[in-house]
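Me: I have a structure open and would like to learn how to read it. Could you take me through some features, one at a time?

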Amino acid sequence: MDRLTTQELNQLVLEEPASRIKQSTPLGHLLSVIFQSFKVQAPRAEDLRIPLSQIRHSNERINHQFHQHEPTDFVELWDSKVKSWNWGLPDPPKREHKKSKKGERREGRLPGGESEAPGRGSSNSTIENVVAGLWNALTVALSRHGLKANRANRVWSGAHSTTAIKGEDIPRKPDIVMSDEPNSGWAGIKVVAEVTKSKYRPGKHAAKSLDTKAYIILKHQPWRRFALMLSLCNHYRELRVHVYDHSGSAVSPPFHIDRQKDEFLQILSSIVFGNDECIGFDTTMNIRQLKLPVLSRRSRPPRRLRALTRRVITQSTSGTLAKSGDAASGEESGESDEDSTKSGESDEASSRESGYESASSYKPSPPQTSGGDSPSSVFSSLELDERPDIRTGPPALPSELPPSAISTPLVPFIAQTSVPPNSSPIGKIQVNDNWYDILEVIFSSHGLVGRGTVCYLARKDDQEYIIKDHWVLGNADDEDTLNEVVMLKKMQGVRGVPELVEYSKVKLSTGEVDNTKIYRYRELPSLVNTWRTHFRLVMKPRGRPLHKFRTKLEFIRAIRDIVARSDLPVQQEAHARGILHRDCSLNNAIIEDADDDSLGMLIDWEFAVLVTPENNYAIGGTGTVPFMSRRLLQQLKNIIVPSTAKKGASSSSPLAIGSVKQDYSDDLESLFYVFSWVCIGYSGPLGMERHLNASKAWLPHAWSNRSIAGCFDTKVSFYTTDDGKAAITTQFDDYFKDLIPLALEWMDLLRLNFPVQVGSVDGQALHRPIEFDALLKILDKHIAGLKGAPELSPERLLRKRLTDKNVKDVHALGTIIEKMSNQIPVKKRGLNDGWTVESVKRRKLSNSE
């Protein structure tokens, strides 16, 4: 994960030097911008006092200084004589001494020694808890001077420095977190801080760790303008503020918490007592923190019986046994009762060290992965993205890469298809002067750099709308930022294209348009053309994602609608109007319910362009990699320069914006990948997600290779070898088996949609674009076949699957009991057996005995 975030931030991290600190801007450019809404001047360090009992971490100097005071006495937090805080931070050495390897001390524990003798509460404290305790003590002292939190009390905690926060495939242990309540998970964390004894370097552990944690925070809180992070380096004295937005990262100048104590207090006050805008939230919207319900632990049999059951299941070769992680069975926790108890005790102890008591934490069970088939020789060596986060709404595939498949219960999908009219809103969002109620987060993309798209289902005056919140490439005054608006207006009136209701550029509380450029003190050449403007579109009607179709007939008809309709075509009409969509992907294909019928729609016209005679267009917006055509992939792999993974912004010249040849046939090839993705990644209607075992090379994973060249090679071999047809035949879910002939015919139609030397004319590669009529003919033939085939409704299909599974579970349980009865030893009865009342014959004793 650290390596991937480093590549994503390649030459996009701008560090502000200390020379930028001036009398007019004592905090530098970055902090002056993000904290501009906080107008309160923090009190002087010399004026801060707290009860002696609240100095939870002390040393020999502090113990000697206050040895005559009572615990309830108020004492100074700042020592004017030694110019240091009255807190048990390790004293920086006067000069460096090279330690032997044997004598090196572990960074996480406070060292002992004459000048760092442990005091109250510091015998087993980690440095993370010590620093968190100092910041909490300063918060208490500042509040006594009239500073009040804008909403809830924000508390610093080092509890997770030793205990990973659950909810991610790769567990992460942030050193210090700030949240409104302890143990709130990634969805409730406001700020993350990393502490280290070493000096700060962008390529070292502290910075890389912040990159990854910023990615996770924006994944769980996609509505944030930026993620705010802190680093405390160089013997825990140099504080830096890191801002991660959708154009990269900006780093503030370093502030020494002792030598620049007043600036440090102003930064801490702005973070803790400032409004949400100071820490990256959007004041033009508010959303209730979305959390998974706390799941009660299932009752368990005794340990000996549990171990025997596992042994029987392991030894069994029967194919009827239910696997953990099956779609309808839920997931079994891999954490034992004893482990969870220890973990809870550890959290509570760490919380007490940070200065507050721990609340009960939500600890979701990690998903189980079951064994699977052996990988294919053609589609291997794949890298997978994170799983979708259901804290942000119903499970949805990210736009960049596919999720690792997880087991999903069948029942909730019925409820996710619609929102009741009287459902209570989870927040509000503003567009121009209108406020809309947020009913649901229906999609959010993952990643640091990019559009950061979040789609909300909203309601106003009993009407439902879709609000698309995203970051458009360009400066606030660039006309290109309105490209999607222009294209939607040109396509207005075409069925299958959303109706634009209103749009706006999001503004800060100061009235300035929210653009990522304002956080950078300068524009280096490597940062040119990377700025993004915050934008919102309000559209209707509301639609369902394509993978939430109700029947296979509706699924194929929706695809046909996207290709062309008999009355008002979408792709054909767009082509006739001189517009090319350029981004046909799974997330951009939806189904609209209208007039007792359904209609396939194509959304996200942000990258649409006016067709030119040469079919040459800028490289930006060529599509989503898993669904990109072979012709586009071939052009991109020759244009994109391999990443050097140098994080810092540089003075090197920006890459020239390349161009690619693209036409409607590339969109039609992309639609085939969308169709195949659904047939492999889902197991039924209404988004019934299928468990794709990571050990097998599935086509969606192969098409999502992070390497453009690797994805191109995979797709070319898919059409030119027999492995492609074999993959379609074997990987389509059983529910979609009757659509395999359609997939194979569509695949044959696409073979010549890519220039190949076979069949070349005069030495030029032959490119035979797929025609609308040819594809429509194939779709119409299979639609006619589906009309005559009976199909269960989603509700009846769900009921049948649950019934079949219950029968399978009963059969599996009988097999387990039978095998257990054969393995449990039968104890012989005797006089001392308390479980029997039967008399037992005893042999007669001889006189000699």
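Me: Let's start with strand pairing. How many bridges join strand β22 to β23?

Reply: Strands of a sheet pair through backbone hydrogen bonds, either parallel or antiparallel. In this predicted model, β22 (residues 589–594) and β23 run antiparallel and are joined by six bridges. For one pair to look up, take E592, whose bridge partner in β23 is L599.

Me: What is the strand order of the open sheet?

Reply: The order is β20-β22-β23, three strands with antiparallel pairing. β20 (543–545) and β23 (597–602) each have a single partner strand, so each has one side without a neighbour in the sheet. On average, neighbouring strands here are turned by 35° against each other, direction ignored.

Me: Which helix packs on that sheet?

Reply: That is α11 (residues 552–563), which touches β20, β22 and β23. The direction of α11 makes about 45° with that of β23.

Me: Now the cores. Which residues touch the most other members of the largest nonpolar core?

Reply: First the general idea: in soluble globular proteins, nonpolar side chains tend to be buried together. The largest core here has 77 residues, and I34, W135, L138, W156, L230 and I271 touch the most other members. Helix α4 (residues 127–143) gives the most to this core, with ten residues. You can display W135 with its contacts beyond four places in sequence, among them W156, L230, F264 and L268. A second, separate core has 67 residues, including L546, L586, Y673 and Y719.

Me: And how do I read two helices that cross? At what angle do α13 and α16 cross?

Reply: Look at their axes: those of α13 (residues 630–639) and α16 (residues 708–720) come within 9 Å and cross at roughly 145°. The crossing is left-handed. On the α13 side, the contact is made by R630, L633, Q634, L636 and K637, while α16 brings residues including F712, V716 and Y719. By type, the contact residues divide into eight nonpolar, one polar and four charged. The buried residues of α13 pack against α16 and also against β26 (659–661), α14 (664–681) and α18 (740–750).

Me: One last residue: is S249 buried or exposed?

Reply: S249 counts as buried because its relative accessibility is 1%, where the cut-off for buried is under 20%. S249 sits in strand β11 (residues 248–251). Its contacts beyond four places in sequence include L9, V13, Y244 and R520. The C-alpha atoms of S249 and T516 are separated by 9.7 Å, although the two residues are 267 residues apart along the chain.

Technical notes: Residues are numbered from 1 along each chain as its sequence is written. This is a predicted model: local features need pLDDT of at least 70, side-chain atom pairs count only at pLDDT 80 or more; totals for chains, interfaces and linings use all residues. Side-chain values use heavy atoms; hydrogens and water are left out. Axes are lines fitted to C-alpha atoms, for helices over the stretch in contact, and angles run from 0 to 180 degrees between N-to-C directions. Helices (H or I, at least four residues) and strands (E, at least two) are DSSP runs, numbered from the N terminus. A crossing is left-handed if the near helix is turned anticlockwise from the far one by less than a right angle, and right-handed if clockwise. Contact means heavy atoms within 4.5 Å. Ala, Val, Leu, Ile, Met, Phe, Trp, Tyr, Cys and Pro count as nonpolar, Asp, Glu, Lys and Arg as charged, and the others, Gly among them, as polar. A nonpolar core is a set of buried Ala, Val, Leu, Ile, Met, Phe, Trp, Tyr and Cys residues joined through side-chain atoms within 4.5 Å. Buried means under 20% relative accessible area, exposed over 50%, partly exposed in between (1.4 Å probe, protein chains only). Two strands pair if DSSP finds at least two bridges between them.
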